[in-house]
Amino acid sequence: MIDIRTIATSGLGDRSYLITDGEVAVVIDPQRDIDRVVDLAADLGVRVTHVAETHIHNDYVTGGLDLAQRTGAAYLVNAADEVGFDRTPIADGDEVSTGSMRLRAIATPGHTHHHLSYAVLDTTADAGGEVVAVFTGGSMLYGTTGRTDLVSPEDTVELTHAQFHSVRRLVAELPAAAAVYPTHGFGSFCASTPASGADGSTVGQEATTNPALTQDEQDYVDALIAGLGAFPTYYARMGPANTAGPAPVDLSAPEPVDPAELRRRLEAGQWVIDLRERTAFAAGHLPGSLGYELSTPFVTYFGWTFDFDAELTLIGDDPQQVADAQRELVRIGIDRFAGAATGPIESLDAGQGLRSYPVSDFAALAAARAQHGRSGLFIVDARRDEERAAGGVQGSVHIPLHELAARRDEVPDGQVWVYCGSGYRASIAASMLDRPGRDLVLINDDWPRAAEAGLPITDRSATSGR
């Protein structure tokens with residue numbers, strides 16, 4: 001019997017998989033921190049014989065090469081991908097057997113030109129070569145498909161048409177009962193639209209719900225392209241890193257940094273990141289530090305706004321928090337850590353004192369507008385374009401978080417309120433805007449509560465701030 005284990009990476013919205021017959025195992029699309037896979041295989045008492053990539057990934061640095069080299073497994077990468085390392089080339093229709101399993105490669109271009117899906121067949125006598133599952137990478141997702149604009153804008157239309165036909169090919173060739181296991185679609189920006197939220201699906205279920213299977217080709221293409229929004233800028237680094245062959249991961253602890261050195265780095269304008277909870281940062285933080293709460297969205301928004309050439313120092317409550325952040329960051333190729341400091345924030349200030357700003361909600365913003373008038377407040381909307389298009393607080397200035405570093409001079413001194421969809425991005429934006437002369441207020445609230453608070457909502461970006 002084939003057993004499929006999921007290795008979720010919630011910070012990136014992706015999943016990797018270990019497939020085993022109880023003796024040997026195949027790993028699909030492993031993340032860079034391969035110790036999770038190695039430990040799982042050891043716990044199950046199985047030997048990894050094959051590591052397979054569905055595509056050259058755009059949203060994370062793969063651990064596939066490192067895992068294959070460490071375990072002696074064959075590394076399956078599409079023969080059409082030009083890579084800078086030794087691999088076992090595989091192409092459409094090729095089959096690989098290990099133990100009582102057989103993998104069949106199925107060309108499913110769309111997310112990338114050379115994307116593969118892998119059908120897994122149970123070759124035990126009882127199963128008789130039945131396809132039990134398909135690993136679809138960034139092709140067929142739960143209720144949606146992978147986005148098609150990550151290779152290049154010039155290829156988007158071609159790849160979107162290819163995506164349509166790839167998903168239909170999977171349905172045409174595979175049994176309806178085959179389970180579907182995508183890599184993307186759990187919050188990843190690699191999904192073209194939000195996935196269904198289901199925790200599982202089959203080929204037959206997707207045939208009745210997936211837009212590539214319920215719409216005609218041109219409607220599907222038009223709708224997918226129209227819905228494509230911005231994606232993290234660090235994606236541009238992932239493909240080249242994965243094509244060249246990533247170095248093995250290093251999770252050794254950063255060197256400790258004492259308060260005096262921390263102050264020197266802050267005064268020099270270096271990247272010093274505070275990982276603590278957003279309201280704790282607002283209540284007291286080192287001047288010049290930036291607040292990136294270590295929670296599910298952390299790695300995506302940090303990678304989207306970080307200068308990859310900069311030195312990076314981490315501040316955390318304790319060493320475990322720093323280690324957790326480091327694990328998240330190496331997944332997107334951030335390996336250079338200048339050091340870390342931990343402990344109560346008051347113990348790290350080296351005599352410079354702490355800065356703070358209040359945390360509030362949309363109801364308080366409504367009250368402040370009523371008291372001071374629309375012109376008495378400057379309100380920053382840090383959400384993405386597609387969110388803003390569905391409505392924003394009337395009179396607010398829309399500056400998406402990923403644009404704020406280049407546009408922060410558009411924000412005046414005086415009273416400034418900052419909001420987003422939940423408070424997470426607003427907290428980062430507030431830390432970026434914090435300086436003497438600004439009276440900042442962080443709105444730590446969910447966006448639907450803005451209308452409930454009586455704030456006037458516009459249905460389009462009437463004020464762009466540009």
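# Worked exercises on two sheets, a helix and a few residues

Strands S8 and S9 run antiparallel and are joined by seven bridges. Helices (H or I, at least four residues) and strands (E, at least two) are DSSP runs, numbered from the N terminus. Two strands pair if DSSP finds at least two bridges between them.

This is a predicted model, in which local features need pLDDT of at least 70 and side-chain atom pairs count only at pLDDT 80 or more, while totals for chains, interfaces and linings use all residues. Residues are numbered from 1 along each chain as its sequence is written, and side-chain values use heavy atoms, leaving out hydrogens and water.

## Exercise 1: the mixed sheet

Work out the strand order of the six-stranded sheet, and then follow its pairs.

Step 1. The six strands form an open sheet in the order S7-S8-S9-S10-S13-S14, with mixed pairing. At the edges are strand S7 (95-98) and strand S14 (201-202), each pairing on one side only.

Step 2. Start from S7, which pairs with S8 over four bridges in the antiparallel sense. Val-96 has Leu-103 in S8 as its bridge partner. Two residues lie between the strands of this hairpin, where Gly-99 takes a positive phi near 55°.

Step 3. Move on to S8 and S9, where Ala-105 has Tyr-118 in S9 as its bridge partner.

Step 4. Finish at the other edge: strand S13 (residues 179-182) and S14 run antiparallel, joined by two bridges. Here Ala-179 stands opposite Thr-202 in S14.

Step 5. Now add the helix. Helix H3 (residues 156-173) lies across strand S8 (101-107), strand S9 (116-122) and strand S10 (130-137), and runs at about 140° to S8. For such angles, axes are lines fitted to C-alpha atoms, for helices over the stretch in contact, and angles run from 0 to 180 degrees between N-to-C directions.

## Exercise 2: the parallel sheet

Find the edge strands of the four-stranded sheet, and explain what being at the edge leaves open.

Step 1. The order in this open sheet of four strands is S16-S15-S17-S18, and the pairing is parallel. Strand S16 (290-291) and S18 are the edges; each has a single partner strand, so one side of each is left without a neighbour in the sheet.

Step 2. Strand S15 (residues 271-274) runs parallel to S16, joined by two bridges, and Asp-274 stands opposite Gly-291 in S16.

Step 3. H11 packs on the sheet and touches S17 and S18, its direction making about 140° with that of S17.

## Exercise 3: helix H11

Check the length of helix H11 (residues 319-330) against its expected span.

Step 1. The expected span is 1.5 Å times one less than the number of residues. For the 12 residues of H11 that gives 16 Å, and the end C-alpha atoms are 16 Å apart, which agrees.

Step 2. Look at the N-terminal end, which Asp-318 caps with a side-chain oxygen 3.2 Å from the backbone nitrogen of Gln-320.

Step 3. List the buried residues (under 20% relative accessible area; exposed is over 50%, partly exposed in between, with a 1.4 Å probe and protein chains only). They are Gln-321, Val-322, Ala-325, Gln-326, Glu-328, Leu-329 and Val-330. These residues pack against helix H10 (298-305), strand S17 (312-316) and strand S18 (339-342).

## Exercise 4: single residues

Is His-55 buried or exposed? And which residues are in contact with His-55?

Step 1. Place His-55 in the loop between strand S4 (47-52) and helix H2 (64-71). Its relative accessible area is 2%, so His-55 is buried.

Step 2. Count a contact when heavy atoms lie within 4.5 Å. Leaving aside neighbours within four places in sequence, His-55 is in contact with Asp-29, His-111, Thr-112, His-115, Gly-137, Gly-138 and His-184.

Step 3. Compare Gly-185, in the loop between S13 and S14. Gly-185 is buried, with a relative accessible area of 13%. Not counting residues up to four places away in sequence, Gly-185 touches Gly-13, Leu-141, Ala-191 and Ala-195.

Step 4. Close with Ala-280, found in helix H9 (residues 278-283). Ala-280 has a relative accessible area of 30%, so this residue is partly exposed. The C-alpha atoms of Ala-280 and Val-359 are separated by 9.9 Å, although the two are 79 residues apart along the chain.

Notes: Polar contact = N/O pair within 3.5 Å; in protein donor to acceptor, adjacent residues only side chain to side chain.
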